[in-house]
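Subject: Handing over a structure, with notes

Dear colleague,

I am passing the structure below on to you, together with notes on what was found in it. Please read the notes with the coordinates open beside them.

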Amino acid sequence: MRMERCRRSLALAGALLAQCGLLPAQSPVVINELHYNPDVKTERVEFVELYNPGDSPVDLGGWSFTDGIQFVFPPGTLLGAHAYLVVAENPAALAAKFGYQQALGPYSGNLSKYGERVTLRNAFGDIEDQVEYKLGFPWPTVGDSPGYSIELIHPGLDNDLGGSWRASVAEATAQAATALLIESNSVWRYMKGTNEVSTPTTAWRQPAFDDSGWLTNRAPIGYGETFIATPLNDMNGLYSSVFFRNTFVVTNPAEITTLLLEAQYDDGYKVWINGSNVLNVNISTGEVACTGAASTAIELLNYNLFTINNAASFLAQGTNTIAIQAHNSSTSGSSDFFLDVRLRSQTGPSGRGPTPGRLNSVFALNAPPQVRQVEHTPNQPRGGEAVSISAKVTDPEGVASVTLQYQVVRPGQYIELADAAYTNAANWITAPMTDSGADGDLYAGDDIYTAVIPASVQQHRRLIRYRIAVEDAVGKGIRVPYADDPQPNFAYFVYDGAPAWRGAVQPGAAGSNGVV
């Protein structure tokens, strides 16, 4: 607490000095959202969002991004008070995907999916804001389907700390409602891609196109898998594409915020709804001839979720038409091809970012404590050796409690993450973590909280899982790793090494223990 009060005093003194002109004022512009590693790799929809939390506009003319991506803001670029500004990898692609029309760009370079530094400089080359994001705790883990961005919880937080960010999944997700539009294993009209299926080649995507002469049957449609409902026994070596059409009914398109498309596919496909290209998966975003191919060979037997945002802009009241152009990775030599799709509409809060140019889905006035530098010592414990678990925990409101939760997994009794034994809180042992300078904690008041798992717990070949729950002085809490982290706990393995043994060419011979 003394250290926190000291930091606050220093911050207040700095603000007063800045007002007096003795120190440069802190930049009001904040890097507020980063969308990297999109779920559909062929869509150039990366972006960086800036936010101005101040009461006056900021002239960004001559400012630039110099690390991670490269972009110079044109003269006269103003970022209004309490306003957002987005710089996109491809503004047209961003508008088509998310409906945000005002993005600047394109920028050069790209945001690494493994993490990197993003630097915003003013016209004099001075750093105005900088974020060095990473993949994995304490940073959110995003990428792949369904395509989350990372968002700052509040613009007043230190945005170079991973705990200030979350994946763009609104807490209001539960308020959203979904409705089934097309079920899996539905009947589709389809046409084999032995030739272009319409003249002009784009006509087949439109609602008014006459598809009465097309084939009709149930999905999945394809070859090479036992679950296929409609086999295409002549496809391999003859044609690489299949064209699909179906319809669905929407009562009030203005209420629909998002379409949720789940596809079982091999290898790539393009989707149009009422003639608008809304999704491209493992295939070029441009026109693809019937003889074309998917970008790479992919086999996804499970249904993979893709979000289609800005749905109200292309949906119509009443009957809507969905058209899909699916491609194999090659005409010959592929062992399989298939496609099945189910489609749902979602109303209310989408619960799924990104949110370019608007309030972050994870925005909150009070953030839980920051947790980082989680460690166990020794790193590779042996049986009978006590293990210290430590973490750095800070919060401007003060840290009320830090609790270690750990679970013992015995040899031969592995607990799956979906098992009741894992999810039941009663199967986790709790212990307080302290910053008192005692009970295993090295120094009092340094924000490093520690608990010790006793030596009696550490037995050869035991897996020890652990996680940490924290709460601040006003009751805001969180458990780490985060609930949406693909690795929901930290862990270590107790190992004493291979047991001593002797071998013999003739087991049972004198001087041998009979082990070979």
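In which sense do strand E5 and E8 pair, and over how many bridges? Strand E5 (residues 69-72) pairs with E8 in the antiparallel sense, and two bridges join them. Please keep in mind throughout that this is a predicted model.

**The chain as a whole**

The protein chain has three helices and 32 strands, and its C-alpha atoms fill a box of roughly 90 × 80 × 40 Å when taken along the principal axes. Of the 516 residues in the protein chain, 46% are buried.

**The sheet around E5**

E5 and E8 belong to an open sheet of five strands, ordered E8-E5-E4-E9-E10, in which the pairing is antiparallel. Strand E8 (108-109) and strand E10 (127-132) stand at the edges with a single partner strand each, so one side of each has no neighbour in the sheet. Between E5 and E8, Ile-69 has Gly-109 as its bridge partner, while Gln-70 stands opposite Ser-108. On the other side of the pairing list, strand E4 (residues 64-67) runs antiparallel to E5 and is joined to E5 by two bridges, with Phe-65 standing opposite Phe-71. The hairpin of E4 and E5 has one residue between the strands, and Gly-68 takes a positive phi near 80 degrees there. The two faces of E5 can be told apart, since Ile-69 and Phe-71 make up the covered face, whereas Gln-70 and Val-72 make up the uncovered one.

**Salt bridges**

The count of salt bridges comes to nine. One of them joins Lys-97 to Glu-43, whose closest N and O atoms are 2.9 Å apart; this pair links distant parts of the chain, with Lys-97 in helix H2 (residues 91-98) and Glu-43 in the loop between strand E1 (30-35) and strand E2 (47-52), 54 residues apart. You may wish to note that both Lys-97 and Glu-43 are buried.

Glu-132 and Arg-117 also meet through their side chains in a salt bridge, at 3.5 Å from N to O, and here the link runs between strand E10, which holds Glu-132, and strand E9 (residues 117-121), which holds Arg-117, 15 residues apart. Glu-132 is partly exposed at a relative accessible area of 31%, and Arg-117 is likewise partly exposed, at 35%.

A further salt bridge is formed by the side chains of Asp-211 and Arg-189, again with 3.5 Å from N to O. Asp-211 lies in the loop between E14 and E15 and Arg-189 in strand E14, so this pair ties together parts that are 22 residues apart in sequence. Asp-211 counts as buried at 15% relative accessibility, whereas Arg-189, at 30%, counts as partly exposed. Arg-189 and Asp-211 are linked with Arg-245 in a network of salt bridges.

**Aromatic contacts**

The structure holds 20 aromatic pairs. Among them is the edge-to-face pair of Trp-204 and Phe-243, with 5.0 Å centre to centre and 90 degrees between the planes. Trp-204 lies in the loop between strand E14 (187-192) and strand E15 (215-218) and Phe-243 in strand E18 (residues 241-250), so the pair ties together parts that are 39 residues apart in sequence. Trp-204 is buried at a relative accessible area of 1%, and Phe-243 is buried at 0%.

Tyr-422 and Trp-428 form an edge-to-face pair as well, at 5.4 Å centre to centre and 80 degrees between the planes. Both rings belong to buried residues, Tyr-422 with a relative accessible area of 5% and Trp-428 with 6%. Arg-467 lies over the face of Trp-428, 3.7 Å from the ring centre, and in another place the charged end of Arg-342 sits over the ring of Tyr-303, 4.1 Å from its centre. One aromatic cluster is formed by Phe-137, Tyr-466, Tyr-482, Phe-490 and Tyr-492.

**Surface and loops**

Leu-359, Phe-363 and Leu-365 make a nonpolar surface patch of about 330 Å². Phe-363 is placed in the loop between strand E24 (337-347) and strand E25 (370-377), and counts as partly exposed at 34% relative accessibility. Gly-156, in the loop between strand E11 (150-152) and strand E12 (165-167), is exposed with a relative accessible area of 66%. Gly-156 and Val-30 are 126 residues apart in sequence, yet 8.7 Å apart in space from C-alpha to C-alpha.

With best regards

Notes. Residues are numbered from 1 along each chain as its sequence is written. This is a predicted model: local features need pLDDT of at least 70, side-chain atom pairs count only at pLDDT 80 or more; totals for chains, interfaces and linings use all residues. Side-chain values use heavy atoms; hydrogens and water are left out. Patches are made of residues with over 30% relative accessible area and no salt bridge: like charges are joined within 9 Å, nonpolar side chains (Val, Leu, Ile, Met, Phe, Trp, Tyr) within 5 Å. Accessible areas come from the Shrake-Rupley method with a 1.4 Å probe; for residues, only the protein chains shown count as cover. A salt bridge is a side-chain nitrogen of Lys or Arg within 4 Å of a carboxyl oxygen of Asp or Glu. Helices (H or I, at least four residues) and strands (E, at least two) are DSSP runs, numbered from the N terminus. Buried means under 20% relative accessible area, exposed over 50%, partly exposed in between (1.4 Å probe, protein chains only). Rings of Phe, Tyr and Trp (its six-membered ring) pair if their centres lie within 6.5 Å; planes under 30 degrees apart count as stacked, over 60 as edge-to-face and the rest as tilted. A charge sits over a ring if NZ of Lys or CZ of Arg is within 6 Å of the ring centre and within 35 degrees of the ring normal. Two strands pair if DSSP finds at least two bridges between them.
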